[in-house]
Structures are given as C-alpha cells and as structure tokens.
Amino acid sequence: MSKLFTLTSIFALGALSLMAQRTGAVYGTVKDKNTQEALIGANIVIDGTELGASSDVEGNYRIENIPPGSYNLTCTYIGYEKSARANIVVTSGNDNNVTFELIEGGATELGEVVVSVNKSVQVRTAESPNSLQRLSAEEIKSNPGGNFDISRVIQALPGVGGTSGSVGGFRNDIIIRGGAPNENVFYLDGIEVPVINHFATQGSSGGPTGILNVSLIEDVQISTSSFNARYDNALSSVFQFKQKEGNPERLSGNVRLSGTEFATTLEGPLGSRNTTFLASARRSYLQFLFQAIDLPIRPNYWDFQYKLTHKINPKTTLTAIGIGAIDEFSFAVPRETTPDKEYVLRSQPSIEQWNYTVGFALKRLINNGFVNVTLSRNMFDNALDKFEDGQTGVETLRTLRIRSQEAENKLRVDVNKYVSDWKFSYGGMVQYVRFSNDLFNRLRKEIRDSAGNLLQPEVTLQASSNIDFFRFGFFGQVSRSFFNNRLSLSAGLRTDMNTFTDTGGNPLKTLSPRFSASYALAKKWNVNASVGRYAKIPIYTVLGFRDESGNFVNKNNEYVISDHVVAGLEYLPSESARITVEGFYKLYSNYPVSVRDGISLANQGGNFGAIGNEAVLSTGEGRSYGVEFFFQQTLSKNLFAVFSYTLFQSEFTGTDGKFKPSAWDTRHLLSAQLGLKFKGNWELGLKYRFQAGAPYTPFDLVASQQNYAALGVGILDYSQLNTARLGDFQQFDFRVDKKFNFRRWTLDLYIDITNAFRFPSPAYPQYTFQRTADNSGFATTDGQALLPDGSNAIPLILDNDDPSFVPTFGFIVEF
C-alpha cells in the first residue's frame, strides 16, 4: 500500500510539473531617491537573461514572459548609480511589484565608465550610515520558523533578540541592543503604527504573533541607531515597513494556510491605472488546535489590512492605509489536568483587545524635492481579567481588572529638498492624545492565622483616570557629500513637548542633536560613525496613574533620554556581499523606576498584561554596550545567506542607584540563515539561532507560599534582582518549498519545522503547589484542606524548559 501511495505521489507531482509551463511578470516604478521625480528611459534588466524594459514618461516599466524562477534585477540610468534588487521570485500566479529609487552619481553620458562598486547590497544613507538593515518580502516569506511573521524574522539581524526567557521564545518582544520592547517605533508607509502584535502588552510592544500581513509588504528597513530627526520617541529602533503598490493591470491575490492561520489577500485597479488597492484578512485557528491537544489556553484573533493609492496627477499622490486586529485570549478546563496546566489557568489573565490605525498620506512633488503630509488615528482597547483559582466571574475572588483605552490623532508634515549637493528636510508634528484607565489589582491578599492574628495586610491598587493632552515636536536635518561622494556628513536636531507633564512645555529638556559621518577608505571599504541624543515620552499607563487620593503622581516624570555613540567598518567584497563590524554604547537617563518595587521598568514588558500602572520616579539610569558582526550574501548562484553575532551587556539602576543586569541582558546573540534554490522551483531554507541565558529573579519563598493560593503566581525577591540565569536558548529551523506554476495561478506547498532538533526552550521558572496523586487538589503536609496562608502546602517550582517543536504543513495559492 505504501509503495502504491509513493508511486501515485510521484506520478501526480510529475503531472503537475508538466502542466506548469507558464510565465510571469515584473512591474514597478523608477524614481529619483532624493526628489521622488519619475525617471524616464531607465533600463531594467533581468540578470542572466535577455529580458528587460525601459521606464515610460511616468517612470513605470513592465517585463513580461519571464520563466518562473528566482532572479536579480538591475536598473541603470545615465547620471545615476546602478541599483539592483535580489531574489525576486517570479511565478505565473502574481505579478511582482519592484520599485527602484536611484541616487545621482553615475556616468553622465553614454560610454563613460565609472569605477565604483555596485551599491545594491549597501543600505546606508547619509543620515543613517550605520546600524541600518533591510529585508525584502521574499526573505520574510521564506524564513524558516518565521511563519510569515516579520517580528520573528528580524531576529536574524545583528543586535536583535527576543524574550526567550519569559515564555521560551513564543513572544515577539523585540529587544534591540539591550533596550526594552517599548523603545521601538513602527511606521507603515510613513504612518506610525503603535501596535504590530496580537495580544500586545500595554505599555510595551510585544505579543505572541504579528499583525502585519507579509503579502502586502515590499520591504522592511530597520535602523538601530543614527535615527533621522523626523522620527520621535525612538530609543532603540525605527522600523519602516513599505507596502507594495496594488497591481494596476488586473485583479490578483493569494490564499494562504499556515500552521496558525488562514489568510487571503486581494489587489488590483479601481476604475483606472491611477487608482489601485490592496486588502487582506486573516483568521487564527489556534484555539481549535489547542482544544484538540488539550491545552487550557484559547487564543483567537482576526486582523485586517488595506492600502488605497490614487495618483491625482503626475506630482501628487494620495494614499490611504488601515490596519486593525481583534484578539481574545480565554481559558478552558482541560480534560486531563497537570501541574503545568493548572499553573497556566491560575497565572495568566484573560484578554480581550482590539486596535486599529487608519491614515492618509499626501505626497506632493515640488521643485527639487517633495512634501509629505500625513493625518492618522490609532486606538487601542485593552480589557484584562484574572481571578483566584481561575474561577472566572466571582467578584470576591477577582485579583485583576483593567479597562483601558489609548487614542492618538496625529498630523505630520515634512519638507524634503535636494539643492546643489545639499539635502535637507524639516517639519513638525502635532498629536492629540486621550487615555482612560480603570484599574483594580490585588497585589497581596489579607492573611490571618488560625487565631485571627494578621499575618499580611491586603495590598490593592485601585484607580480610575481619564486624561487628554497635546504632543508636538519639530525637527531639521541637513546632509552633504564631499570629495566626489567619498565623505558624507549629516546633522539633525529635534525637540518634543507636551501639555501634560510638569516640564513638558520646555523645548530644551528634549533638545536632541545628532551627527553622522561616512568615509570611503577605499573602493570596497567604508568607515561610519554617529553620535546622537534621543528622547521618549513616558508611557501612557505611567502618565495616567492616580494614587488613592486621585492625584496624578507621575506628572513630574521626565522624557527618557538615551545617548548613542556608534562606529564601525563596512566591507563590500562583491556586488552581492556585505560585511559590517560595529561597536555601540547607549547611555540612559530619566528612566522610570517603580516606587513600590524599587526596580527599573526596563525589566518589565516581557509578559502578557500591562506595565506602568503604578507610581514611578524618573531617577533611573542605564547603559548598554557591545559589538556586532554581520555578513549578508544576497542571491548569487542560487544561494543567499545571513550571519550575525552580537556581544553586549545591558544594565539599569533602581532606587538603590546600583547597576544590575536588565531582563534583556543575554550577552550573546548568534543567528545564521542559508537559502538554496534548486531546479524545478524547489527551495530549501535553514536557520539556527542562539541566545545565551537570560537573567531572572528568584522567588521570595515565604511570600510566595503565603500568596500563591490567591494570586496564582509566585512572588519575586527583588533584593536578588536578576541574580540567576536561565539555560541557553537555541533553535534550528528548516523549510522546504515547491512551487507549481499553471496558467495565471501558482500553487506553493511547503513544510516548515520549528526547533527541528527539539532543543529545550528555557523560560522563567513557575512557582506552584504540589498536587494530589489523583490531581484533584493540592497536596498538604497534614492531609487537610489547604490553609489560606499556604502554610501546609508543599511548594513546587517547575523548570519550564520543554521544547517548542512546531511542524507546519501549508500551502499558498496565488492567482
């Protein structure tokens, strides 16, 4: 029977291959990078073939009748540097949208030869000459173990880690160069998107899975320092997600089934070529999977994304974007319970969230430049509930209730000019913010002994607040190249203010200068350096917190300040390879410190729920420093590769003023990825990640035993903050794809194995009580019922390092 099945499968695959002799197309636009003007007559060729095209009067081009496969595209134009895009996967199902933005500086007439290395693999700019990386959509889609999730894929880049310590690598908390997850900002086509993950931690930015649909993304640019002055509130990184343009020729799209979700995407023209759209919707089915394997959690989510582009005239384009999510995280009693499942039921809150960002972006070309105007609104609604012993709905047993909303209305304007080798930009932004929060949190339950004597008083946080205020900021940036583009210099200045905090109206408090330089030592060698100061407003949960008397106790908090110094070398050994070595030093001041616990909020944000609902002081300091190595080989001879290693140290102070390792101080980060393309549209991807053990804080055993029955979690001993470390985290993933191309549609079958070698996934230990032999209740030392103070309980600490082996079989249909 097995032989018959094997023969039948081989025959079916062969038949599909014979039927799949179809072609695809690539289209896009060629622009001047500095002025955004269309370039007429640029030549675009597919390397290794005789196929190509020239851009028309609107800068558009289209190449058809391309055999399916992976290609590199090269674009040339007289007077401009050559540009290339690697690993463009052509299928018969979808047309590929590839945009080129060229920089002046190449040959100025036909026949002139300019000796320069191809800068297509280079991503640095005058404003950000270092700490800048770029990922293409194909690198995201085909990333082994990435599950089409951008937040996971970027962990292959230097300096980027995740919270493997908190939940064994299951979350998307982006930790960059030792900074907290809330130090990153995200932009989608120039519009800020505060929430990019489902089940997000309020006051932070992480969650278990991403919201952005990779089918709509053209590329992602990540800056981990040297931030352009136009971006506010960034201390660790700026993410710029660029969506592709909708297909102007025909309706097309795809349907995708992965290990966690079902997704569909549509794109095409609306009435004419001047108006196009992109739209997608995704639905999780994890809740059904977890029910089948008898796990007590039931995560459930939807997300939606769209983009409309209308070219009003050759100089004016209006874009509308939207992204939103609906999340529900609930629990169910398992059919067969275990200490691990009981811990999950007791320790985690139920979550109901929704969020959205909608906005309009207007780009107007002007003489030697362009103007951007964006108007957007984003909103986040968060509801958390937690009860003793997992008994949902019994108010006397409630330990947590949060009902919170954050809303921002934003207007941003920036002017960008390029005149006589000088490039400058300036602009400003204004935001109207509304934040409401209704909080009840029982931190300790009253405990008495059998004689009625008070052993522990109840400690409860209860507050309600509703605030609104304005935020505004202004920036300027100027850049210039010297000595035939050998030396590039850039300087920027920014200030941000608000109408809520005590010193928020003083522009000198957040004055943030920055300077960067890049020098070409030789044809293939560049030295890059930057210094800068960056500022971030305290998170809204901190600003909106009231004490028992109704006072806003955190109005005196200052903007968090981070000073960066970065220097490094870049080597371009070939047109497809890039090597960088960078050293960095980040110094923090005004970091918020918990009054109650005495620790820096830099240690929080890696778990579900919310952070910042407490009194804090702006007295904390921090420092993070290290060195990074990065190698990237774009597609060449059917192979591409990425390797990165980071050695760093991250420390912050609490109320005692002593520097201690932060929760993100994993010291060593290593990632290696290899992609191979084979004949017959077969692809293989391999990835290995290593992260040294994350610090953690041991339990206060006495307080934990007294409070576990009421709180469902152990109590940490902050006098031993981060003095212990987990085991090292490592993971090997692989993925195999096979594409079948038919007339006007493509079938992609894939296998994606996460943690194929079943390495342990170290996570924070879990405090619980030992269960009875039949698992019907808690075991006790005296055989009696569990006492309220837990004195007759038998404490048990679970290691929490089970492997997270996830095999996925899926498909993508493009049409």
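**Briefing: confidence, strand pairing and one buried asparagine**

The protein chain has an average pLDDT of 89, and 93% of the residues score at least 70. The model is predicted. Two stretches with pLDDT under 50 are residues 1–20 and residues 164–168. The points below cover these stretches, an open sheet of five strands, the pairing of strands 25 and 26, the pairing of strands 26 and 29, and the surroundings of Asn792.

**Confidence**

- Over residues 1–20, pLDDT stays under 50, and the model has ten contacts for this stretch beyond four places in sequence.
- Residues 164–168 also stay under 50 in pLDDT; for them the model has 23 contacts beyond four places in sequence.
- Predicted coordinates should not be read in detail where pLDDT is low.

**The open sheet of five strands**

- The strand order in this open sheet is 9-16-17-12-13, and the pairing is mixed.
- Strand 9 (132–136) and strand 13 (191–192) are at the edges; each has a single partner strand, so one side of each is left without a neighbour in the sheet.
- At the strand 13 edge, strand 12 (residues 184–188) runs antiparallel to strand 13, and two bridges join them.
- Tyr187 has Glu192 of strand 13 as its bridge partner.

**Strands 25, 26 and 29**

- Strand 25 (residues 398–419) pairs with strand 26 (residues 422–444) in the antiparallel sense, over 20 bridges.
- Within this pairing, Val415 is opposite Tyr426 of strand 26.
- Strands 25 and 26 form a hairpin, with two residues between them. Ser420, in the turn, has a positive phi of about 50 degrees.
- Strand 26 also pairs with strand 29 (residues 459–482), again in the antiparallel sense, over 22 bridges.
- Here Asp438 is opposite Ser464 of strand 29.
- In general, strands of a sheet pair through backbone hydrogen bonds, either parallel or antiparallel.

**Asn792**

- Asn792 lies in the loop between strand 44 (766–769) and strand 45 (795–798).
- Asn792 counts as buried because its relative accessibility is 3%, and the cut-off for buried is under 20%.
- The Asn792 side chain reaches the backbone oxygen of Ala785 at 2.9 Å.
- Apart from neighbours within four places in sequence, Asn792 is in contact with Ala779, Thr780, Thr781, Asp782, Gln784, Ala785, Leu786 and Leu787.

Notes:
Residues are numbered from 1 along each chain as its sequence is written. This is a predicted model: local features need pLDDT of at least 70, side-chain atom pairs count only at pLDDT 80 or more; totals for chains, interfaces and linings use all residues. Side-chain values use heavy atoms; hydrogens and water are left out. Two strands pair if DSSP finds at least two bridges between them. Helices (H or I, at least four residues) and strands (E, at least two) are DSSP runs, numbered from the N terminus. pLDDT is the predictor's confidence in each residue, from 0 to 100. Contact means heavy atoms within 4.5 Å. Buried means under 20% relative accessible area, exposed over 50%, partly exposed in between (1.4 Å probe, protein chains only). A polar contact is a pair of N or O atoms within 3.5 Å; within protein, one must be able to donate a hydrogen and the other to accept it, and residues adjacent in sequence count only if both atoms are side-chain atoms.
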